[in-house]
Amino acid sequence: MTIRYPNGKAYRQPSHSKSKSTKFANVNFGDRGMSLEAELNSSNTYYLENNIAVIHKKPIPIQIVKVDYPNRSAAVIREAYFKQASTTDYNGVYRGRYLDFEAKETKSKTAFPLKNFHEHQIEHMRKCLAQDGICFVIIRFAELNRLFLLTATDLFHYWDHQATGGRKSIPLTDIEQLATELHYHINPLIPYLDVIDKIIEG
């Protein structure tokens, strides 16, 4: 099936690398070949079921334009378009505060490419921040199996400097200094709200 953005450009599903298995004694709970999205969905389910937070992945509205019917009991979607530009991946409420964030992965071992973001996503986060929301991005360096939570404000610094000759990526060394590294647990798998607690408590 072909899905296209509103401008007609074809959408390509990002690839997610799979990690190698490890011995039980050295289990890394994020080392399951899961995508970052699946890991966050699992974490959000834990938060929801335990009445900690209500956070969901945003649905993406799609306009179906071509469907084939190979037989009477089945339909195959051949072509579809995103109805509108997406904003960010997740939003919800925690401790009375609105959360809005994006989840991104990179195969790079040295830097996070800013091209993984779109201008409309950045502008959406700016507007949420202006309303006192909490905005951030969770970044996974897939080859290193390392996770970081970077605030939107820190992301904006690098995004805005692109226009004046700045880097087109955020070095891992900078992310290590600015962001908070997340470590996998059993439940929730990614305990990112621990970092949000610190942000709320200032």
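## Charges over aromatic rings

Arginine 126 lies over the face of phenylalanine 156, 4.6 Å from the ring centre. This arrangement belongs to a predicted model, as does everything described below. A second charged residue, lysine 104, lies over the face of phenylalanine 117, at 5.3 Å from the ring centre.

## The surroundings of phenylalanine 117

Phenylalanine 117 is found in the loop between strand S7 (111-113) and helix H2 (119-130). Its relative accessible area is 4%. Because burial requires a value under 20%, phenylalanine 117 counts as buried.

Leaving aside residues up to four places away in sequence, phenylalanine 117 touches Glu102, Lys104, Phe112, Ile122, Val137, Leu155 and Trp159. For one of these contacts, glutamate 102, the separation from phenylalanine 117 is 15 residues in sequence and 9.1 Å in space, taken from C-alpha to C-alpha.

## Aromatic pairs

The model contains eight aromatic pairs. In one of them, tyrosine 47 and tyrosine 192 meet edge-to-face, with 5.6 Å from centre to centre and 90 degrees between the planes. This pair links distant parts of the chain: tyrosine 47 belongs to helix H1, while tyrosine 192 is in the loop between strand S11 (180-182) and H5, 145 residues apart. Tyrosine 47 is buried at 4% relative accessibility, and tyrosine 192 is buried at 0%.

Phenylalanine 101 and phenylalanine 136 have ring centres 4.5 Å apart and planes at 10 degrees, so this pair is stacked. Phenylalanine 101 is in strand S6 and phenylalanine 136 in strand S8, so the pair ties together parts that are 35 residues apart in sequence. Both phenylalanines are buried. The residues of these two pairs, tyrosine 47, tyrosine 192, phenylalanine 101 and phenylalanine 136, belong to one aromatic cluster together with Tyr46 and Tyr90.

## The nonpolar cores

In soluble globular proteins, nonpolar side chains tend to be buried together. In this model the largest nonpolar core has 23 residues, and those with the most contacts inside it are Leu40, Ile138, Tyr192 and Leu193. Two or more residues of this core come from each of helix H1 (36-49), strand S5 (90-94), strand S6 (97-106), strand S8 (134-141), strand S9 (146-151) and helix H5 (193-201). Apart from this core lies another, of 21 residues, which include Ile122, Tyr158, Leu172 and Ala179.

Isoleucine 138 shows which neighbours surround one member of the largest core. Not counting residues up to four places away in sequence, isoleucine 138 touches Leu36, Leu40, Phe101, Glu102, Ala103, Lys104, Leu147, Phe148, Leu149, Leu182 and Tyr192.

Definitions and conventions: Residues numbered from 1 in each chain as written. Predicted model: local features only at pLDDT ≥ 70, side-chain atom pairs only at ≥ 80, totals over all residues. Heavy atoms only, no water. Core = buried A, V, L, I, M, F, W, Y, C linked by side-chain atoms within 4.5 Å. Buried < 20%, exposed > 50% of the residue type's maximum accessible area, 1.4 Å probe, protein only. Helix = DSSP H or I, 4+ residues; strand = E, 2+ residues; numbered from the N terminus. Contact = heavy atoms within 4.5 Å. Phe/Tyr/Trp six-rings, centres within 6.5 Å; stacked < 30°, edge-to-face > 60°. Lys NZ or Arg CZ within 6 Å of the ring centre and 35° of its normal.
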